[in-house]
Amino acid sequence: MVLGGGSKVGKTWALIDLALSVSTGTPWLGLPCAQGVVVYLNFEIQAGFFHSRLLDVAHAKNVELGENLLAWNLRGFARPAAELFAEVRERLAGRDVALVVVDPVYKLALGGDENSAGEVGVLLNEFEDLATSTGAAVAFSAHFAKGDATLKSSVDRISGSGVFARDPDAILTLTGIPNDEGAFHVESTLRNCRALPTFAVRWSFPLLVREAMKPPVEKKGGRKVVTEQVFIDALPHPCIEDPRSVLWPAAKVSEEIAKLGFPKKGLGDMRKALAFDGKIYAEPKGDRYGTIMIGRKETGELIKLQDANNKDVPVEGKEVVGDACNAC
């Protein structure tokens, strides 16, 4: 996993939080963590200050530093990744390690060109070999390129070669929220799992703390902003007799929202987030053309109730959606 973010946004604090969360089996950024041994390879912070940070985060999380967390302070001892990781594998031989944190990755480049796909590919192959040989997950941080990060796709914000975005199995980015200092959007790109809906965190020393997403404020004279409620209100109410009749293709939903004067940009991400949270109903391949069909939450409940093959829906569920129809 790579954790990307701008300079001085708290990436090291977030990785220390991750290390403590895994070592103690406590949540990280609101996400549950399986407990296991963690090795933190610290190349940037002097040992005394790093230990102080560990104590600060442990106190804020109300956990104890224990034997599950091994912090190796290597500032001034950086070597080529192949040489260093060979020593790490040797020291960890026979140990069951859950996570290795490498912070920061540029300390292993040793003057190499981070824009070279070949050089970055060789470096990340060492990370992959470390993960394969130890059985541990490997997490590292990387910084954003210069410029406005919000104008780029989340996977393109990390500085250097595109290999940084293509190679990791999980990419998390911390992108500052405009006009809200200390607040960030966390976006995920995951190879093997469903992407998480974008969520917000706020810097509250010494942690990034998850908080509810706030609807964007429309700027005076600017474009109107689509909120979750605008998206849901654009969908037709279900019909009890034929709930599938009010399922709309994603393109039609976008057209209806555009008629209200809202931009179409970002509607796909919002649809995925609303479906993931169970706030709307979405069929990923609702017809023979593979069109995504969308309806209100009640529409999906009615469809499930009418599906004779669906034995997971209790009969009393009809009471929940029996009053849903105001269009028939």
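Two strands count as a pair if DSSP finds at least two bridges between them. The exercises below use this rule on a predicted model.

**Exercise 1.** Find how β11 and β12 pair, and which residue of β12 stands opposite Tyr281.

Solution.
- Step 1. Locate strand β12, which covers residues 293-296.
- Step 2. Take the bridges: β11 and β12 are joined by four bridges, and the rule asks for at least two.
- Step 3. Read the direction: the two strands pair in the antiparallel sense.
- Step 4. Look across from Tyr281; the residue opposite in β12 is Gly295.

**Exercise 2.** Give the order of the strands in the open sheet that holds β12, and explain why β10 and β11 are edge strands.

Solution.
- Step 1. The sheet has three strands, in the order β10-β12-β11, with antiparallel pairing.
- Step 2. β10 (248-249) and β11 (280-283) each have a single partner strand, so one side of each has no neighbour in the sheet.

**Exercise 3.** Trace the pairing from β7 through β8 to β9.

Solution.
- Step 1. β7 and β8 (residues 199-204) run antiparallel and are joined by four bridges. Ala183 stands opposite Arg202 in β8.
- Step 2. β8 is also joined to β9 (residues 207-211), by five bridges, and these strands run antiparallel.
- Step 3. Ser204 has Leu207 in β9 as its bridge partner.
- Step 4. Two residues lie between β8 and β9, and the two strands form a hairpin.

**Exercise 4.** Describe the second largest pocket by its volume, its lining and the elements that supply the lining.

Solution.
- Step 1. The space in this pocket is about 860 Å³.
- Step 2. Its lining consists of 31 residues; Met1, Ala137, Val138, Asp169 and Ala170 lie nearest the centre.
- Step 3. Sort the lining by class: 24 residues are nonpolar, two are polar and five are charged.
- Step 4. Assign the lining to elements. The helices α1 (11-24) and α4 (117-134) each supply at least two residues. So much is also true of the strands β4 (97-103), β5 (137-143), β6 (170-176) and β7 (183-190).

**Exercise 5.** Summarise the whole protein: its helices and strands, its buried share, its contacts and its surface.

Solution.
- Step 1. Count the elements: 10 helices and 12 strands.
- Step 2. Take residues under 20% relative accessible area as buried; 42% of the 328 residues qualify.
- Step 3. Consider contacts with a separation of 6 or more: residues 24 or more positions apart make up 61% of them.
- Step 4. The accessible surface is about 17900 Å², and carbon and sulfur atoms hold 51% of that area.

Note on methods:
Residues numbered from 1 in each chain as written. Predicted model: local features only at pLDDT ≥ 70, side-chain atom pairs only at ≥ 80, totals over all residues. Heavy atoms only, no water. Buried < 20%, exposed > 50% of the residue type's maximum accessible area, 1.4 Å probe, protein only. Contact = heavy atoms within 4.5 Å. Areas by Shrake-Rupley, 256 points an atom, 1.4 Å probe, with all protein chains shown as cover. 1 Å grid on protein atoms, 1.4 Å probe; cavity = no way out; pocket = protein on both sides within 12 Å on 5 of 7 lines; lining within 4 Å. Points joined across faces, edges and corners; volume = space filled by probe spheres on them. Nonpolar A, V, L, I, M, F, W, Y, C, P; charged D, E, K, R; others polar.
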